[in-house]
Every structure is written in C-alpha cells, then in structure tokens.
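Here's a quick walk through a single protein chain, from the overall fold down to a few residues. Have a look at it first.

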Amino acid sequence: MVAHGRTHVEELYAALAASAFERAAELYADDGELVRYDGAARGRAQIREFFERSTENHGSYRLREISQFRAIDDVVLWDALVDTDHGILMTSDVAIVDADGNFARHIPAIRGYWGQ
C-alpha cells in the first residue's frame, strides 16, 4: 500500500518548494486531514490554504534531506531537514495513506528550528 511512500513525501516537498500549493493538496485524499496542535485542515481546499499561510509565515520550503524514513502497512513516518527563508526546520511526520497512496491523515511536527 505504501510502495511509493517516499516518492510521495519527496513530491510534497517539491510542490512546496515550487509554491505549487494545489499540487501539494492533490497528494492528499479528497477528505484528507492535516492535523496539528493549532488545529486541522480538512479536505484539499483547506490543506492548500494551510500550505499557503505556512509559506507566508516561514517563506519557501526546500528539502535538504530525509534523515529517517519508514513505511509499514498504511503508515509512513519520516524525519526531515528543511531549509526555509528564515532558517532550518527539523520535522518529524506521521501519515496514514489510503489505498491510492494519498495522505489520508498527516500529522507534521517541528522538532527543531534554527531561525535567523
């Protein structure tokens, strides 16, 4: 079910780096959720808006490396270093994927931030 999980994650970061928010949202199921401490974005329209706002706050996102990756059944976990216009983010993400490999539920977390 998650055979292309790493590719899907890399596509997400590529879309964010290109400010292709619609493309980023298309990587989620129609009713997908992005869940964070400050709330949840449900459905592709809200997820697209979340990424737009996030980029407004942090600048662009450019994947430096995926330092850890694991896919088991319908669960994908990864840690990444991401360059932003304001510094480096260390993230730790968990996602549940649907039968099509799209993110059904994505829980991103920031483990570290080295801002300017």
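What follows covers the whole chain, then one helix, then the strands.

## The chain as a whole

Keep in mind that this is a predicted model. The protein chain has three helices and six strands, and if you read along the sequence they come in the order α-α-β-β-α-β-β-β-β.

How does the size compare with a compact globule? For 116 residues such a globule would have a radius of gyration near 13 Å, and the protein chain agrees, because its own value is 13 Å. Along the principal axes, the C-alpha trace spans about 40 × 30 × 25 Å.

## Surface and contacts

Of the 116 residues, 42% are buried. The accessible surface adds up to about 6400 Å², with 48% of that belonging to carbon and sulfur atoms. As for contacts with a separation of 6 or more, 43% come from residues 24 or more positions apart.

## Helix α3

Helix α3 takes in residues 43-58, which makes 16 residues. From first C-alpha to last it reaches 22 Å, close to the 22 Å expected at 1.5 Å a residue. Right after α3 comes G59, with a positive phi near 80°.

Which residues of α3 are buried? They are G43, I47, F50, F51, S54 and T55. These sit on the same side of α3, because they cover an arc of only 145° around the axis. The general rule behind such a pattern is that an α-helix has 3.6 residues a turn, so residues three or four places apart point the same way. The cover over the buried residues of α3 includes two helices, α1 (5-17) and α2 (21-26). Strands β1 (28-36), β2 (39-42) and β3 (61-72) are also part of that cover.

## Strand pairing around β6

Strand β6 (residues 103-115) runs parallel to β1, and three bridges join them. Within this pairing, E33 has R105 in β6 as its bridge partner.

With β5 (residues 87-97), β6 pairs in the antiparallel sense, over eleven bridges. Here S92 is the bridge partner of A109 in β6. The two strands β5 and β6 form a hairpin with five residues between them, and G101 in the turn has a positive phi of about 85°.

## A look at V75

V75 lies in strand β4, which covers residues 75-84. Is V75 buried, exposed or partly exposed? It counts as partly exposed, because its relative accessibility is 24%, and buried would need under 20%. V75 and F103 are 28 residues apart along the chain, while their C-alpha atoms are separated by 9.5 Å.

Terms used. Residues are numbered from 1 along each chain as its sequence is written. This is a predicted model: local features need pLDDT of at least 70, side-chain atom pairs count only at pLDDT 80 or more; totals for chains, interfaces and linings use all residues. Side-chain values use heavy atoms; hydrogens and water are left out. Helices (H or I, at least four residues) and strands (E, at least two) are DSSP runs, numbered from the N terminus. The expected span of a helix is 1.5 Å times one less than its number of residues. Buried means under 20% relative accessible area, exposed over 50%, partly exposed in between (1.4 Å probe, protein chains only). The arc is that of the directions from the helix axis to the C-beta atoms. Contact means heavy atoms within 4.5 Å. Two strands pair if DSSP finds at least two bridges between them. The radius of gyration is taken over C-alpha atoms; the globule rule is 2.2 Å times the number of residues to the power 0.38. Accessible areas come from the Shrake-Rupley method with a 1.4 Å probe; for residues, only the protein chains shown count as cover.
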